[in-house]
Amino acid sequence: EAALPESLDDEKLPAGAAEALLASTREALRNAVRHARPHRIAVNWNATREGPQLRVSSRVQDDGAGFVVDSVPADRLGLRLSVAERMRDAGGTCSISSEPGVGTTVELAWTGASADPDSRTGSPRPRAGHALPADFPVTQLVTLTWLLVGMGIFLGLLNAKRFIDVT
């Protein structure tokens, strides 16, 4: 789904949480394209408010090759560092489920107070000092995700052309 509830249009997500959700969603998409050979990849964003708490989540699901999560070698750091640790550092969660021959689902979530532009305390810091504004609009997560994915695919195609011998 590309739309978030209208009641959350004016919500602001702390920069560290937005950066973690975007980067982790992008990495999950990249892993699906790179390793799973899926026919279909679905990305769903959800945002809800329960009292003072804002919960923003994404789910990346593919119907590709799948794998046994516990059998991933320790030296393969993509899911562990790029996704799970990034979400943990931002105060969020990451859940990965997969089954060989069925596909993989990566669920990411962050719950906390909306960003208050006048207060810089209590929100997770982005990994890069220049990453995102301190009060990132929740509704722009979907657009930015697809922009990053599109750029990654375009750059990947350009890079792949170097290895194709056309005679």
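These legends go with close-up views of a predicted model.

**View 1. The four-stranded sheet.** Here 4 strands line up in the order β2-β3-β5-β4 to make an open sheet, with antiparallel pairing. The edges belong to β2 (41-50) and β4 (92-99); each has a single partner strand, so one side of each has no neighbour in the sheet. Going from one strand to the next, the twist averages 10 degrees. Look between β2 and β3 and you'll find 10 bridges holding to the antiparallel sense. To pick out one of these pairings, start at R49, whose bridge partner in β3 is L54.

**View 2. D62, a buried acid without a salt bridge.** D62 sits in strand β3, which covers residues 53-62. So what does a buried acid like D62 have for a nearest side chain of opposite charge? That would be R40, but R40 is 9.0 Å away, and D62 has no salt bridge. A salt bridge needs the nitrogen and the carboxyl oxygen within 4 Å, so R40 at 9.0 Å doesn't make the cut. Instead, the D62 side chain reaches the backbone nitrogen of G64 at 2.8 Å. Leaving aside residues up to four places away in sequence, D62 touches A32, A36, P38, R40, I41, V102, G103 and T104.

**View 3. M87, tucked into helix α2.** M87 belongs to helix α2 (residues 78-89). With a relative accessible area of 1%, M87 is buried. Not counting residues up to four places away in sequence, its contacts are A20, L21, S24, G92, T93, C94, L108, A109 and W110. Take A109 from that list: 22 residues separate M87 and A109 along the chain, yet their C-alpha atoms are 7.9 Å apart.

**View 4. E19 and R86, a pair joining two helices.** Side chains of opposite charge can pair when their charged atoms come close. The structure has 3 salt bridges, and one of them joins the side chains of E19 and R86 at 3.7 Å, N to O. This one links distant parts of the chain, with E19 in helix α1 (residues 15-36) and R86 in helix α2, 67 residues apart. Buried or exposed, which is E19? Buried, at 14% relative accessibility; R86 is buried as well, at 14%.

**View 5. R30–E27 and R88–D89, two more salt bridges.** R30 and E27 meet through their side chains at 2.6 Å, N to O. They're 3 residues apart in helix α1, so about one helical turn separates them. R30 is partly exposed at 35% relative accessibility, while E27 is buried at 9%. In the other pair, the side chains of R88 and D89 meet at 3.5 Å, N to O. R88 counts as exposed at 54%, and D89 as partly exposed at 46%.

Conventions
Residues are numbered from 1 along each chain as its sequence is written. This is a predicted model: local features need pLDDT of at least 70, side-chain atom pairs count only at pLDDT 80 or more; totals for chains, interfaces and linings use all residues. Side-chain values use heavy atoms; hydrogens and water are left out. Helices (H or I, at least four residues) and strands (E, at least two) are DSSP runs, numbered from the N terminus. Buried means under 20% relative accessible area, exposed over 50%, partly exposed in between (1.4 Å probe, protein chains only). Lys and Arg count as positive and Asp and Glu as negative; His and the chain ends are not counted. A polar contact is a pair of N or O atoms within 3.5 Å; within protein, one must be able to donate a hydrogen and the other to accept it, and residues adjacent in sequence count only if both atoms are side-chain atoms. Contact means heavy atoms within 4.5 Å. Two strands pair if DSSP finds at least two bridges between them. Axes are lines fitted to C-alpha atoms, for helices over the stretch in contact, and angles run from 0 to 180 degrees between N-to-C directions.
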